[in-house]
Amino acid sequence: MATSEENSSLFPIFILTIMALSLVPYTIAKLCRAASKKTKSIHCQCSLCLRSGKYRKSIFKRISNFSTCSNLTLVLLWVIMAFLVYYIKHSSHEVQPFEPFSILGLESGASDSEIKKAYRRLSIQYHPDKNPDPEAHKYFVEFISKAYQALTDPISRENFEKYGHPDGRQGLQMGIALPQFLLNIDGASGGLLLLGIVGVCILLPLVVAVIYLSRSSKYTGNYVMHQTLSTYYYFMKPSLAPSKVMDVFIKAAEYMEIPVRRSDADPLQKLFMVVRSELNLDLKNIKQEQNKFWKQHPALVKTELLILAHLTRESGALSSTLHNDFRHVLELAPRLLEELMKMAVIPRNPQGHGWLRPAIGVVELSQSIIQAVPLSARKAAGGFSEGLAPFLQLPHFSEAVVKKIGRKKVHMLQDLRDMSPQERAELLTQSAGFSASELLDIEKVLEMVPSIKVEISCETEGEEGIQEGDIVTMHAWINLRRDNGLTGALPHAPYYPFHKEENLWLLLADVTANDVWMSQRVSFLDEAAAVTATSKAIQEAKEGSGASVKEVSCAVREAVEKVRNGWRLVVGKFQAPPEGSYNLTCYCLCDSWIGCDSKMSFKIKVLKRSRASGLRGIAEEAGAAVEDGAEEEEDVEEEYDDDYESEYSEDGDDKEVTNNGKNKVAANGTTSRKDDSSSEGSDTEED
């Protein structure tokens, strides 16, 4: 039987339950995210990265990282829950049923004389005339008197013995776990209390939701403003050179909101003189070029100069106010570059292809920002086919050092990596005069540099060969290896002041047409997610091909083992183009390292949709519909005739579309592959 007092005592339990339903799962999820981030914190151990301070876990930095609004709110809610548990434990009491015999200290079925005798004995102890204690008075009135009355009154005793209660049969009563002051409201106090409840429980959450939605409506799921995406989509062009990607990148709405103060004028002027060589200004008309540069929007000028200060490693001369804006610009850069990459590869033509040239430019800009290497250093010069940029990302390297080792026929980063540690130490000591500690830093970074390998295959599920209009499935296995044995790690980036995860972009492209047929971002940090995705993809592929349960299980097990050995599976689909042979290139581009990209060329041969394939499909449909009658079979034949005419009605157009006629044609439905990073020369063909 639930009384108002019992309901009031249950109110803390009700509040505790409501809080626990949402707080416990949220805390578990937050701890899991924190644990996963902790496992990803493998970073470079060179002296430059350690001195950068972004990996230093001092007590002050841990406190500052922990003392966010969400974390402090979470701690406060747990403190409130602990207080509620303590309060409930020390204030709640078990509700005892009304037992008159127990109250009077008698056995069940005692006689009337025994009941009167027990009542007189307890009256001497608890009666108000004998005991002035208010608690004794309350106990005598609420328990002893009621128990005596229930046992001495014939009707009450009969009800108690029959139904367990002096008042007879008791119905089920429900109560609301609310405090007493909410149940006893009347007049003006009740109205004020009602307004307070409506304001706190309805209006306040509604206002918070409106404010949150009004702010979040400006951003995408990647915390990039919608206006930025529109700007990137508008300014992205198929012929955009990699050196011009910077002009599109700085037009983000987030950068346009950066304040431009009057006090920034002189520091920006000085910074302009330092980084002027990176602006690609026409020296013949230098004054006009400078005036044109300064006539841009002030936010664009400021953002570009700050980025160039980072690329040229001249950020140490920035003022305190500019340094804060400088950090803000770099913090936003990875998210904005990711969205800019999506705008480059988003389908733009009727075939659903993106653009290769600007996509490569976006990745190169990302590499330069993470490694703080000027874009001009990527130009081929002095026998360095990849430029000086790959060497400048190594610690203690400068342009002078790179030119010195270039005299020793070391023109590519791979040439330096292929040497033994002893040969490398001898070369760098003689050419650049590096000390033992500097050589140790270089070895640590070279051990972190990834080596990327790609295995790719394209096929049409359930058919032999690839015919025009088919949905082609591409399976690409990407392997990432380092000399130190790690798979997922944070890149060496001592000049970039924030943590940056290492990601790869897989692009399947036609270089001649500047088309990206398929693109996908790949990460090697989350192995558990990769295992789940790979298992699902392999299972669906095997089940679709009609494999048995045992074969599916074996294939999934092999794929999972491959993922744990440093491989990642990328599955993509695209529609086969018109008939012809196509020379495609698979790019695997790293957004954090320079000179580690992998490129593999292969061919696919697309056949004209033949009559045999049409007959095969129609036979399957006819076999499924044979039970429905002969009329449906005739309809299928008529459909076949129509399809046959439509397939061959535009032969002339198909011949005009077909290109690459002089190229070497691969076998039907197979790919011919060539890995530019490991082998150069002849193409290899696989069935």
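Let's start at Ile346, which counts as partly exposed because its relative accessibility is 28%; the scale here calls a residue buried under 20% relative accessible area, exposed over 50% and partly exposed in between, using a 1.4 Å probe and protein chains only. Before going on, note that this is a predicted model, in which local features need pLDDT of at least 70 and side-chain atom pairs count only at pLDDT 80 or more, while totals for chains, interfaces and linings use all residues. Residues are numbered from 1 along each chain as its sequence is written, and side-chain values use heavy atoms, with hydrogens and water left out.

Back to Ile346. You'll find Ile346 in the loop between α17 and β1 (354-355). These labels come from DSSP runs, numbered from the N terminus: helices are H or I with at least four residues, and strands are E with at least two. Leaving aside residues up to four places away in sequence, Ile346 touches Tyr233, His353 and Gly354, where contact means heavy atoms within 4.5 Å. Ile346 and Ser519 are 173 residues apart in sequence, yet 8.9 Å separates them in space, C-alpha to C-alpha.

Now look at helix α17 itself, residues 320-345. Its 26 residues should span 38 Å at 1.5 Å a residue, and the end C-alpha atoms are indeed 38 Å apart; the expected span is 1.5 Å times one less than the number of residues. Where does α17 bend? At Ala333, by about 40°, with a proline, Pro334, following within four residues. The bend is the angle between axes fitted to the seven residues ending at a position and the seven starting there.

Next comes Thr228, a residue of helix α11 (residues 226-235). Thr228 counts as buried because its relative accessibility is 0%. Its side chain makes a polar contact of 2.5 Å with the side chain of Glu254. A polar contact is a pair of N or O atoms within 3.5 Å; within protein, one must be able to donate a hydrogen and the other to accept it, and residues adjacent in sequence count only if both atoms are side-chain atoms. Not counting residues up to four places away in sequence, Thr228 touches Ala252, Ala253, Glu254 and Leu336.

On to the strands. Strand β8 (residues 580-590) pairs with β9 in the antiparallel sense over nine bridges; two strands pair if DSSP finds at least two bridges between them. Two of the partnerships are Tyr587 with Lys599 of β9 and Asn583 with Lys603 of β9. Strand β5 (residues 503-510) also pairs with β8, antiparallel over six bridges, and Leu506 has Cys588 of β8 as its bridge partner. Ten of the eleven residues of β8 are buried, so this strand is largely enclosed by the rest of the structure.

Strand β9 (residues 598-607) is mostly covered too, with seven of its ten residues buried. Besides β8, strand β3 (residues 466-467) pairs with β9, here in the parallel sense over two bridges. Ile466 has Val606 of β9 as its bridge partner.

What about the nonpolar cores? A nonpolar core is a set of buried Ala, Val, Leu, Ile, Met, Phe, Trp, Tyr and Cys residues joined through side-chain atoms within 4.5 Å. The largest has 63 residues, and those with the most contacts inside it are Phe397, Met474, Ile478, Leu504, Leu506, Leu508 and Phe602. Apart from that core lies another, of 60 residues, including Met236, Ile369, Ile370 and Ala493. In soluble globular proteins, nonpolar side chains tend to be buried together. Met474 has contacts with residues including Leu506, Leu508, Met518 and Phe574, not counting residues up to four places away in sequence.

Helix α23 (residues 436-448) is another stop: its 13 residues reach 19 Å from first C-alpha to last, close to the 18 Å expected. Among its buried residues are Leu439, Ile442 and Val445. The buried residues of α23 pack against α2 (47-52), α21 (413-418) and α22 (421-432).

Finally, two loop residues. Ala372 sits between α18 (356-371) and α19 (389-392), with phi near 55°, a positive value in a residue other than glycine. Lys409, in the loop between α20 (399-406) and α21, has a positive phi of about 70° although it is not a glycine. Buried or exposed? Ala372 counts as buried at 1% relative accessibility, whereas Lys409 counts as exposed at 67%.
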